[in-house]
Every structure is written in C-alpha cells, then in structure tokens.
Amino acid sequence: MSTGQDSAAGEHPVAWVSLDGRDRQPSTFWTYVLMALDRAVPGSGAAALTLLRSGQAPVEAVLAGVVNELSVQPGDVTLVLDDYHLADSVDVAAGMAFFVDHMPPQLRLVISTRVDPALPLSRLRARGELLEIRASDLRFTPDEVASYLNDLHGFALTVTDIASLEARTEGWVAALQLAAISLRDRDDPSAFIAGFAGDDRFVVDYLADEVLSRQPDDVRRFLLDTSILSRLTGQLCDAVSPPARSGGRSGKAMLEVLDRANLFLVPLDGRRTWYRYHHLFGDVLQSHLLEERPGDVSGLHRRAAAWYAEAGQVEAAVRHALAGDDLDQAADLIESSFRTLGRERREDLLSRWADQVPDEVLRDRPVLAIALIGGLMASNQFDGVERRLDHVEQLLRKPAAQLVVRDPGELARVPAAVEMYRAAVALLGGDPPGAIARAERAIDLAVASDDLAVGAAAALSGLASWSTGDITAAHASYARSIPALTRVGHIADVLGCSVAMADMELRLGRLRDAERTFAHALGLAEANTPPGASVMRGTADMLVGLSRMAWYRNDLVASAEYLRRSDELGEAASLPQNPYRWRVGMARLRAAEGDLAAALELLDEAERVYVGDYSPNVQPVHASRARILAASGDLAGARAWARDHGVAVDDQLSYFREYEHITLARVLLAEHTSTGSRGPLDAAVGLLDRLLAAASDGGRVGSVIELEVLRAVAHDAAADRNAALEAIRHAVDLAETDGWVRVFVDAASALTPSLRELASRQPQSGYVHELLTAVTGSGSATEVADGGAAPGVGASPTGPPDPGAVLVEALSDRELDVLRLLGSDLDGPAIARQLVVSLNTVRTHTKHIYTKLGVNNRRAAISRAHRLGLLSRAATR
C-alpha cells in the first residue's frame with residue numbers, strides 16, 4: 001500500500017491510494033484510505049482514523065465520521081483507489097458499499113481494477129452515478145497505436161506492422177509500452193513483431209524478458225534487487241542495491257534513469273522522490289529474481305528491514321524482516337516499539353503481527369509474547385488469548401538466562417501484565433469478582449515504575465465494580481488509575497477514564513467533584529497537546545462534560561457555550577464516544593427550548609452514531625428518547641419503548657438498569673396525568689419506593705435526589721401533601737451542598753406548592769428560594785438523559801398579569817396563535833398540524849415571539865406573555 005496526494009495549482013485535492021494484497025484486512029485498507037484523505041484534505045480523516053484504531057467502533061461508524069467531514073468541504077475532492085482488485089475482500093467490500101452509498105456530493109471516487117468490484121454497480125448505473133471506463137475504452141485503436149509508436153517513438157513501422165502489433169496486443173497499452181522498449185535499436189522490427197503471439201500474460205512475460213535481456217547488467221541487477229520493495233526512494237535503493245552493484249550510480253540516479261527510460265516506474269509524489277514499479281512489471285521482476293537468484297531474496301529483505309528500522313518506520317521494517325526470514329530482527333523490532341505503538345494507539349499493528357510471527361519465535365520470548373497479546377486485546381480479538389497467556393506463564397517459570405529479552409526491565413513487568421490481561425478476560429467472560437481479584441494481583445505484582453500496569457489494572461477493577469453497581473469501589477479504583485496513567489503519558493486514556501469517573505460522581509451526588517474531574521482533565525488535554533497538533537484528542541469530550549455540569553446547575557447559557565466550543569473543535573479533538581454524547585447534550589437544550597421534535601431528532605442521530613466502550617451503558621439513549629416521548633404526550637410510543645426493551649414494574653432492580661426503571665416511572669406518571677387513572681399512579685409510587693430503597697442502599701445520592709423529586713410529584717398527584725413535602729425536603733437537603741437545580745426545574749409547577757410551603761417553613765434558606773425562583777421563572781418541562789420532565793406538567797404561567805408591563809413590538813395575529821399553542825402540551829410538529837403550516841414556519845414564528853418577548857425558551861415565553869396579558873388575547877382569537 002502506498003498513499004499520496006497530488007494537486008496542481010488551482011485544482012481540487014486528490015487522495016491517491018495504491019493497493020496491494022496486504023490490504024485485504026478492513027483495518028489496514030481503511031487506515032490507508034483515511035490517511036490519504038487526511039493528507040489531501042487536512043483534518044478530514046484524523047478523527048475517523050483514531051476511531052478506527054480504537055477497535056471499538058464498526059466500520060460504518062468510522063466512515064460516517066469522514067463522510068461528515070468531507071460533506072462540509074467547500075470544493076471537490078477525488079479519491080483514487082489504484083489496483084483495487086488486489087485488496088478486494090468480503091469485509092472490505094461491506095465497508096465500501098456503505099461508503100459509496102453515503103458519499104457526499106463533493107467526493108469523486110475513482111476505482112482502478114481488473115475485475116468488477118463487489119459494489120452495487122447496477123444501482124449506481126440506474127441512478128446515473130457511475131461512469132465506467134472499461135478495457136475496450138482503454139485499448140488503443142490502430143490509428144492510436146500508429147501515433148504512439150511512430151509519432152511519439154519514431155519507429156516508422158509499416159501499416160502491416162501496426163496492424164499486427166495491434167492485433168497481438170489487442171491495443172493493450174502496457175503491452176505496447178513494453179513493445180516500444182523492446183523495439184529500440186532493432187534493425188528488423190517487423191521480424192520482432194511477428195515473433196510473439198498469445199494471450200496477454202504471455203505477451204507480458206515475453207516482452208518483459210525482452211526488456212530485461214536488453215538492459216545493461218547494472219540496470220538489470222538494480223531492477224531485480226529492488227523488485228522486493230513496494231515503494232522506492234534513492235536512499236532505500238542504495239541500502240538494498242548498493243551503488244557498487246549498479247555501476248557506481250546511486251539509487252537516486254538509477255531511479256532517474258529508469259524514469260526517463262519509461263521502465264514502468266510510477267511516481268508517488270509530485271517531487272518524484274518516491275516511486276513504485278508498475279504492478280505487472282514488478283511481478284515479472286520478482287519472478288525473475290526468484291528464478292535466477294533465490295538465495296539473494298532473504299538478504300535483500302533484511303537490508304530493506306535494516307534501512308526502515310533506522311528510518312523509524314517500524315511497520316515496513318517488520319514486514320521485510322519477516323519476509324527475509326530474519327525472525328530475530330522482527331522480534332527485536334516489535335519488542336523495542338510496542339510501548340510507543342501503545343501510546344500512539346497503533347495496537348492494530350501488534351494484532352496483525354500476532355498472526356504473522358511464528359510460534360517458534362515466541363518459544364523463549366515472554367516480552368514479545370505479552371506485547372502481541374496486548375495488541376490482540378486492544379483490537380478486540382480474544383480468541384486464543386488464554387492459551388497465549390498460559391504459554392507466557394510457562395516461560396516465566398524458566399530461569400531468566402534461558403529467555404531472550406531485548407530489555408531486562410521489560411521482563412520484570414510481564415507478571416503484572418499477565419494478571420492484568422487475565423482480569424480483562426474475566427471481565428469479558430462475565431466474572432466481575434474474578435476480574436477484581438486478578439486486577440488487584442496485577443497491582444501487587446507491578447514493579448515500582450510500572451505505572452501502566454497499575455493504571456490499566458485499576459481501571460479494569462473499576463469497570464468490574466461499576467458493572468456490579470458498586471460505584472463507590474469503582475470510583476476509588478478510577479481515582480487510582482488516572483494518576484498512574486497520567487504519569488506514563490497515556491493522556492487519551494486518562495480523558496476516557498475521566499468521563500467514566502465523572503459519571504460515577506454524578507450518581508453519587510457529587511456534582512462539584514464531577515466538575516473538578518472534567519476541569520482537571522481539560523487542563524491535562526491542553527497541556528499535553530502533541531507537537532504540531534492544534535488540540536489534543538479528547539478535549540472536545542471534556543467540554544461536553546462541562547456542558548452537562550452547567551446543565552445540572554441550570555446555567556443553560558454556559559451549557560450551550562461549552563457545546564459550541566466542542567463542536568468548533570471538530571471530531572479531530574474527540575474520542576470515539578463524543579459524537580453521540582454531544583447530540584445528547586444538544587437534545588437537552590432543544591428540549592429546554594420546548595422543541596421536542598428537534599430533541600427527538602438529535603437523540604435518533606445519537607443512537608445512529610452511538611459507539612460504546614467498556615463502560616456499562618447505564619444511561620441508554622433509547623431511554624432518554626422515551627422520556628421525551630412521555631413528556632410530549634406520546635404515551636403509546638413511550639409504552640412501546642418499555643415493551644420493546646423489557647422494562648417492567650415488577651423487574652428485579654439493579655443499578656445497571658436503574659435509569660430505565662426511573663424512565664418507566666416517569667411514563668407511568670405521564671399516563672396518570674393524561675388519563676386520570678389511579679392504576680399507573682399507584683404503580684409509579686410503588687416502583688419509585690423500591691428504586692429509592694435500592695439507590696439509598698447503594699449510596700447513589702444523585703439518583704436519590706431525582707427519585708425524591710419524582711416521589712414528591714407522585715404524592716402531590718395523590719393528594720398526599722405531607723408525603724410530598726417530606727420527599728421534597730429530603731431532595732433539597734441532599735442537593736443543596738453541591739447546588740443541584742435542574743432536576744427541580746424539570747418538575748416545573750408540580751413542585752411549586754411543595755417548594756412554596758418549604759420556603760415558608762425555611763425562610764432563611766437561600767437555596768430553597770433559589771429553587772423556587774428557578775422553577776417558577778425559567779426552564780422547560782423536559783430534561784433529557786439524566787432527569788426528564790415531571791410527567792403531566794406543562795409550561796404553566798406563574799404570577800398574576802402585570803398591567804404595567806410593556807411589549808416593545810406587538811405580536812402578529814399568527815404569532816398569537818402560535819403563542820397560545822406554546823402554552824399547551826403540544827410539541828412543534830403537533831402545533832404545525834394544528835395551524836396547518838410547516839414545522840419550519842412554526843419555528844420561525846417561535847423565534848420571532850422569543851425576540852419580541854425578550855426570552856430564549858418556551859416556559860419563559862409563556863410566563864412573560866401571562867404577565868403581559870397576551871394569553872387572554874390569544875385565547876379569544
């Protein structure tokens with residue numbers, strides 16, 4: 001595989017990918033495609049490349065990212081896949097089909113292939129989206145053959161010679177090029193032309209033989225020596241075929257000679273520094289090399305490996321070392337580079353080498369063996385890992401003198417690594433206690449300087465505890481992991497752990513701690529931005545996290561600003577999970593504005609781009625969507641969600657599904673409000689009581705606050721004022737220390753009586769009065785992902801009309817119609833249907849209403865309209 005980018009001044013960028021048989025694995029294929037695109041259009045493929053290397057996302061999610069980036073490019077971009085047939089495979093074709101179906105209009109895809117690719121060609125033809133240039137289109141006509149050979153090369157061939165050559169080659173350009181080379185300085189070209197016949201392959205072999213036989217010995221030797229290289233440059237050629245073997249000419253000079261002679265040399269960059277041989281010609285050269293000098297092949301590969309190793313290009317160095325059967329060199333290269341590859345998230349290379357390195361090489365190399373295991377684990381390839389770990393443990397029982405280790409310090413780290421990977425295997429196998437035990441043993445075995453083992457093992461222990469609902473233990477483990485990973489420079493992992501740690505702190509009710517976690521991680525990201533990069537990957541995630549913290553404090557302006565900053569940084573600054581998290585955050589804000597339809601659209605997008613990690617999915621997007629459905633009055637949709645996902649009142653409760661069961665309680669309360677039926681209310685109260693007991697036992701104060709708010713709503717609906725007051729008092733007591741606000745605002749007017757009564761009993765409590773002001777003066781009836789609307793509560797006006805209030809610009813009659821419906825439980829699409837207008841028209845009217853009233857959300861608009869006496873006017877229309 002080679003990639004390049006060539007753009008003449010004023011022309012659009014071109015990403016060129018030359019493929020070979022080593023590129024049939026999707027991870028390899030798409031790595032080079034994304035690298036080429038990012039080189040042609042800087043920033044277009046970086047985020048997708050990181051997501052691909054993480055091994056945690058399907059190819060479709062990776063490609064969606066690069067498609068999104070290319071879709072906003074101002075001009076056209078061309079992607080060329082040269083010799084695609086060499087890399088075509090079932091897995092590659094699946095990703096290509098998705099890519100072709102979702103290509104933005106700015107992208108032109110050019111595929112050079114000898115056989116039809118496994119793509120939806122018929123559908124593309126029917127749409128008029130496919131331009132095909134077939135072999136018949138590329139074949140030279142007799143006139144073109146004559147022009148090429150006589151006018152360009154000056155051979156003065158007869159019409160008979162031209163016709164014969166055209167018939168023999170069938171106008172094939174490569175064969176004609178070979179023929180042109182072979183015809184040079186021949187006294188009787190007609191006899192030569194008559195001397196060959198047969199199919200294309202025979203012609204190639206014949207003419208290649210003729211070309212080689214007519215080359216000086218030094219050129220012929222150079223061609224055969226360098227045929228083992230997939231890419232050629234002067235210094236590399238010098239290392240493989242020293243100038244002394246090529247008449248004293250350097251590799252650079254020899255490449256220039258071959259280029260001028262048109263000896264099937266293809267330039268790979270605009271400066272003609274890197275080349276490759278035409279694939280057909282290269283195949284012939286390798287065939288001759290194996291036939292004539294089979295004993296030289298290994299040595300040539302070994303010299304290439306040494307040059308690449310010196311140049312710091314480990315991937316190519318290992319490839320040539322393996323091809324040269326220099327297994328010790330390959331092993332040494334992998335051992336010396338695997339730590340760096342891990343920091344650079346290039347574990348895909350290690351996983352590939354795990355399949356290529358023979359078992360006999362691992363017989364006495366425990367460090368190499370554990371490095372390859374790490375690559376497999378990071379790439380989600382778990383088959384055979386336990387057998388490999390057993391082998392490493394057997395090696396560790398041998399005396400150190402019997403082992404082959406490049407760095408003795410690495411040998412001391414192997415026992416802890418074995419236990420760490422055993423912990424991961426246990427966790428993946430559904431054995432959290434076993435995972436915790438293994439992780440603790442790994443920490444105990446770690447040598448003093450092995451922060452990576454300590455950090456990784458502590459994170460695994462935290463994941464295991466988290467999956468069982470023991471958030472306190474999980475948080476303690478992550479608190480140990482993050483400093484260790486920071487010391488070893490794995491900042492991207494630190495940022496990912498910070499997201500998980502903040503999630504736990506929120507469930508524990510520690511909003512201030514969660515804010516500090518994100519702020520500290522943001523500082524780390526900014527301080528550790530790699531040289532040459534504008535921002536570190538993961539910075540955008542920290543901003544989305546801080547947006548969430550501002551949301552809980554009901555600072556919607558700050559929340560929106562954090563999301564804006566995150567969006568401006570782009571996917572290059574994001575971890576794989578950020579695209580869906582950002583959409584969930586934006587859905588919160590859209591819901592706060594009363595635009596529930598937009599919130600649902602964002603959550604639908606979030607589900608489409610969702611990428612999981614090893615953390616438990618304790619707040620699934622589908623449950624957040626159900627909360628919006630319930631708040632918007634779509635009880636049938638909310639009930640269908642519960643049915644489809646198996647969420648029922650009498651389920652056995654667990655932290656893992658706590659968010660879903662709280663969502664079900666909200667649906668039941670919404671059903672009671674809509675129908676007046678006592679059954680859903682009783683079911684909700686019973687479920688909330690059970691959830692409260694479970695959350696209290698687990699120390700999940702954040703959950704307790706939300707549950708108590710919902711219990712206050714439920715008891716108020718049941719006319720049990722004492723129970724409602726007691727619930728809201730408990731929620732306020734727990735929330736005051738860290739300043740939670742939004743969870744109360746989302747209950748809206750349903751909490752107003754309880755908060756007013758509590759304020760009268762606690763007149764000195766500034767926090768209660770702050771909550772009362774927030775609930776009655778701003779906000780919306782909906783919160784997404786971590787709270788949700790208090791079901792059945794609409795945006796009701798607060799306070800009596802104010803005859804002294806003045807409206808600077810009057811609302812039009814149509815705006816008054818929209819205003820009246822904004823005060824109802826209808827969402828945007830329902831208002832559009834009621835008024836028989838488009839949703840965009842409703843949004844435009846809503847924007848004008850907000851501007852004239854000087855507000856920025858639906859609830860504030862209704863509140864101000866009530867004070868201005870506008871609602872009575874709207875009602876009489």
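Select Tyr277 to begin this tour of a predicted model. Leaving aside residues up to four places away in sequence, Tyr277 touches Phe222, Leu223, Thr226, Ser227, Leu232, Leu258, Leu263, Phe264, Leu265, Gly282 and Leu285.

Next, add Trp353 and Ile370 to the selection. Together with Tyr277, these residues touch the most other members of the largest nonpolar core, which has 81 residues. Which helix gives the most to this core? Helix H20, residues 366-378, does so, with 9 residues. In general, nonpolar side chains tend to be buried together in soluble globular proteins. Another core, of 70 residues, lies apart from this one, and its members include Leu506, Ile628, Ile705 and Leu751.

**The whole protein**

Zoom out to view the full chain. The protein has 877 residues, of which 53% are buried. Its secondary structure comes to 46 helices and 6 strands. Among contacts with a separation of 6 or more, 66% are between residues 24 or more positions apart.

**Helix H17**

Select residues 314-323, which form helix H17. Is this helix mostly covered or mostly uncovered? H17 is mostly covered, with 7 of its 10 residues buried. The buried residues are Glu315, Ala316, Ala317, Val318, His320, Ala321 and Leu322. To see what they pack against, display helix H1 (26-40), helix H16 (297-310), helix H18 (327-343) and helix H19 (347-356). Just after H17, select Asp325, where phi is positive, at about 60°.

**Helices H27 and H29**

Two packed helices are described by the angle between their axes and the distance between the axes. Select helix H27 (residues 491-507) and helix H29 (residues 539-552), whose axes come within 9 Å and cross at roughly 15°. This angle makes H27 roughly parallel to H29. The crossing of H27 past H29 is left-handed. Show side chains at the contact: Leu495, Ser498, Val499, Asp503, Leu506 and Arg507 of H27 meet Thr539, Met542, Arg548, Met549 and Tyr552 of H29. By class, the residues of this contact are 6 nonpolar, 2 polar and 3 charged. Leu506, on the H27 side of the contact, is also one of the residues of the 70-residue core.

**Helix H33 and its two neighbours**

Now select helix H33, residues 621-631, with helix H35, residues 658-675; the two pack at an angle of about 10°, with their axes 9 Å apart. H33 and H35 are therefore roughly parallel to each other. On the H33 side, His622, Ala623, Ser624, Ala626, Arg627 and Ala630 meet Tyr659, Glu660, Ile662, Thr663, Arg666, Val667 and Ala670 of H35. This contact of H33 with H35 comprises 7 nonpolar, 3 polar and 3 charged residues.

Keep H33 and add helix H32, residues 596-608; the axes of H32 and H33 come within 10 Å and cross at roughly 165°. H32 and H33 are therefore roughly antiparallel to each other. H32 passes H33 in a left-handed crossing. Here Leu596, Ala599, Leu600, Leu603, Asp604, Ala606 and Glu607 of H32 meet Val621, His622, Ser624, Arg625, Ile628, Leu629 and Ala631 of H33. The classes in the contact of H32 with H33 are 9 nonpolar, 2 polar and 3 charged.

**Last stop: Gly686**

Finally, select Gly686, which lies in helix H36 (residues 678-697). Its relative accessible area is 32%, so Gly686 is partly exposed. Add Ala665: Gly686 and Ala665 are 21 residues apart in sequence, and their C-alpha atoms are 9.2 Å apart in space.

Technical notes:
Residues numbered from 1 in each chain as written. Predicted model: local features only at pLDDT ≥ 70, side-chain atom pairs only at ≥ 80, totals over all residues. Heavy atoms only, no water. Axes fitted to C-alpha atoms, helices over the stretch in contact; angles between N-to-C directions. Helix = DSSP H or I, 4+ residues; strand = E, 2+ residues; numbered from the N terminus. Parallel < 35°, antiparallel > 145°, perpendicular 65-115°, else oblique. Left-handed = near helix turned anticlockwise from the far one by under 90°. Contact = heavy atoms within 4.5 Å. Nonpolar A, V, L, I, M, F, W, Y, C, P; charged D, E, K, R; others polar. Buried < 20%, exposed > 50% of the residue type's maximum accessible area, 1.4 Å probe, protein only. Core = buried A, V, L, I, M, F, W, Y, C linked by side-chain atoms within 4.5 Å.
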